[in-house]
Amino acid sequence: MKLSKLDKASVIAIRDCMGSKPGESILIITDELKRKIGYNLYKNALRLGNEALYIEMKSRNMHGEEPPQQIAQLMKMFDVVLCPTAKSLTHTNARREASASGVRIATFPGITEEIMIRGLNADYKKIAALTIKLTQILDKTNIIKVTAPNGTNIEMDVTGRKAIASKGLFHKKGESGNLPTGESFLAPLEGKSNGVFVVDGSMAGIGVIKGKPITIEVKDGLAVNISGGAQAKKLNSILEKYGNDGRNIAEFGIGTNDKAKLSGLLLEDEKVMGTIHIALGNNKSMGGNVNVPIHLDGVVKKPTVYFDKRLIMKNGKLLIK
């Protein structure tokens with residue numbers, strides 16, 4: 001039987017990225033919007049000799065919204081859980097609790113066939129090596145400074161925060177992350193980020209930035225002012241109901257996937273080599289203290305990045321090899 005490109009991507013996800021062995025149990029959680037990818041993963045899990053269960057829920061309204069309680073319970077009962085869903089399950093209690101019980105989990109928020117095929121045919125051994133190296137440097141960093149030609153100029157205090165390598169290989173009990181992947185990230189200290197970041201790549205929940213970029217002014221760890229065009233207005237209206245927690249500077253990350261392209265889907269955009277992203281909202285999943293049901297990343301193009309006094313990236317060119 002000839003495998004399609006989507007089949008090949010599913011096989012890489014199950015066998016290589018998750019390291020799943022024949023006989024291991026795999027749960028696929030999907031929704032009506034991502035059914036085709038969910039079923040493709042299920043079919044290939046069976047073909048690879050896994051015990052697999054396919055379950056479809058109604059799509060959530062927002063990234064970080066909890067799945068039904070029954071699904072949260074099911075997640076703890078499998079060796080591997082794969083979540084190709086329209087809205088992200090990454091920053092949910094359900095995902096965190098299943099990870100804590102030893103389940104290996106990959107989330108595919110907003111995944112499309114094109115991104116699945118492109119992003120999962122990358123060299124994950126190479127991505128993992130670079131991501132781990134970058135994470136080790138980030139781990140020892142106290143202050144991150146980012147500037148960019150678009151007016152970005154922000155400092156984030158990350159003293160004592162643990163950096164995370166989303167390297168695309170989730171082989172140990174409790175490991176989790178996005179697929180496709182390739183990023184090094186952490187949660188800045190609450191109340192300790194100041195400056196401006198200008199989102200000119202894409203913004204979660206909004207898409208590729210068209211026309212005016214979104215300018216986000218940050219004071220004492222909160223996005224106090226968001227300005228720009230229609231997309232900035234939309235972001236303000238999304239954040240309205242979440243109060244200050246929704247405006248928390250939740251994450252700083254650097255993309256390490258050389259196959260990823262700016263597509264308007266944050267799953268892929270935040271992994272693009274030569275970009276950084278800063279997120280608003282929930283940072284609980286990365287060692288922070290803010291647990292709010294929203295997490296929105298904004299991508300900045302051509303950044304210059306310092307970890308303490310060390311130049312890590314210059315105008316979008318990563319200087320770590």
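**Exercise 1. In this predicted model, decide whether Asp 123 is buried, partly exposed or exposed, and describe its surroundings.**

Step 1. The relative accessibility of Asp 123 is 42%, and a residue counts as buried under 20% and as exposed over 50%. Because 42% falls between these two cut-offs, Asp 123 counts as partly exposed.

Step 2. As for its place in the chain, Asp 123 belongs to the loop that links helix 5 (113–119) with helix 6 (124–139).

Step 3. A polar atom of the Asp 123 side chain lies 3.1 Å from the backbone nitrogen of Lys 126.

Step 4. Pro 188 is 65 residues away from Asp 123 in sequence, and their C-alpha atoms are 29 Å apart in space.

**Exercise 2. Work out which element supplies the largest share of the lining of the largest pocket.**

Step 1. The largest pocket has a volume of about 960 Å³, and 45 residues line it. Those nearest its centre are Thr 90, Ser 166, Gly 177, Glu 183 and Phe 185.

Step 2. Several helices and strands each supply at least two lining residues, among them helix 4 (93–100), helix 9 (266–269), strand 9 (183–186) and strand 17 (295–301).

Step 3. The largest share, four residues, comes from helix 6.

**Exercise 3. Trace the open sheet of eight strands and find its edge strands.**

Step 1. The strands follow the order 14-13-10-6-5-18-19-20, and their pairing is antiparallel. The edges are strand 14 (222–227) and strand 20 (317–318), each of which pairs on one side only.

Step 2. Towards the strand 14 edge, five bridges connect strand 10 (residues 193–199) with strand 13 (residues 214–219) in the antiparallel sense, and Val 196 has Glu 217 of strand 13 as its bridge partner. Helix 7 (residues 230–239) lies across strand 13 and strand 14, and it runs at about 140° to strand 14.

**Exercise 4. Which residues with a positive phi lie in the turns of the two hairpins formed by strands 18, 19 and 20?**

Step 1. Strand 18 (residues 304–307) and strand 19 (residues 310–314) run antiparallel and are joined by three bridges, with Phe 307 standing opposite Arg 310. Two residues separate these strands in their hairpin, and Asp 308 in the turn has a positive phi of about 55°.

Step 2. Strand 19 also pairs with strand 20 in the antiparallel sense, over two bridges, and Met 313 has Leu 318 in strand 20 as its bridge partner. This hairpin likewise has two residues between its strands, and Asn 315 in the turn has a positive phi of about 45°.

Definitions and conventions. Residues numbered from 1 in each chain as written. Predicted model: local features only at pLDDT ≥ 70, side-chain atom pairs only at ≥ 80, totals over all residues. Heavy atoms only, no water. Pairing = 2+ DSSP bridges. Contact = heavy atoms within 4.5 Å. Axes fitted to C-alpha atoms, helices over the stretch in contact; angles between N-to-C directions. Buried < 20%, exposed > 50% of the residue type's maximum accessible area, 1.4 Å probe, protein only. Polar contact = N/O pair within 3.5 Å; in protein donor to acceptor, adjacent residues only side chain to side chain. 1 Å grid on protein atoms, 1.4 Å probe; cavity = no way out; pocket = protein on both sides within 12 Å on 5 of 7 lines; lining within 4 Å. Points joined across faces, edges and corners; volume = space filled by probe spheres on them.
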